[in-house]
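Trainee: Could you walk me through this one and explain the labels as we go?

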Amino acid sequence: MIKTIVGVGGMSCQMCEAHINEVIRSVVPGIKTVRANRKTHQAVIVSEGVIDNIRQAIVSSGYDFLSYEYGPYESESFIVKIKGLFS
């Protein structure tokens, strides 16, 4: 799995985030998750492979393509220990 972080400028509301999510889902094969965030100006994508066609999709949708980085996806699972629960 690959985690890709795309910088996206021009998002100002939740509808913008939803629109970016839809655009990315429409052009990325093997997508597992996508989460756009207007506050961080990023979309975080987990997919099966490297994404190579994202720039044009974002620009064609009226948003600014700011940056692109990717690397191996590491699960963000965690374990919560509650004192006395299993004693």
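Mentor: Sure, we'll take the sheet, then the helix, then the cysteines.
Mentor: This is a predicted model, where local features need pLDDT of at least 70, side-chain atom pairs count only at pLDDT 80 or more, and totals for chains, interfaces and linings use all residues. Residues are numbered from 1 along each chain as its sequence is written, and side-chain values use heavy atoms, leaving out hydrogens and water.

Trainee: What makes β1 and β3 a pair?
Mentor: Two strands pair if DSSP finds at least two bridges between them. Strands themselves are DSSP runs of E, at least two residues, numbered from the N terminus, while helices are runs of H or I, at least four. Six bridges join β1 (residues 2-9) to β3 (residues 42-47), so they count as an antiparallel pair. Lys 3, for example, stands opposite Val 46 in β3.

Trainee: What is the strand order in the sheet?
Mentor: It's an open sheet of four strands, β2-β3-β1-β4, with antiparallel pairing. β2 (31-37) and β4 (64-72) each have a single partner strand, so one side of each lacks a neighbour in the sheet.

Trainee: Which strands does helix α1 touch?
Mentor: Helix α1 (residues 14-27) packs on the sheet and touches β1, β2 and β3; contact means heavy atoms within 4.5 Å.

Trainee: Why is Cys 13 in no disulfide?
Mentor: A disulfide needs a pair of cysteine sulfur atoms within 2.5 Å. The nearest cysteine sulfur, that of Cys 16, is 3.6 Å away, so Cys 13 doesn't qualify. The structure holds zero disulfides.

Trainee: Is Cys 16 buried or exposed?
Mentor: Buried means under 20% relative accessible area, exposed over 50%, and partly exposed in between (1.4 Å probe, protein chains only). Cys 16 has 10%, so it's buried, whereas Cys 13, at 30%, counts as partly exposed.

Key: Axes fitted to C-alpha atoms, helices over the stretch in contact; angles between N-to-C directions.
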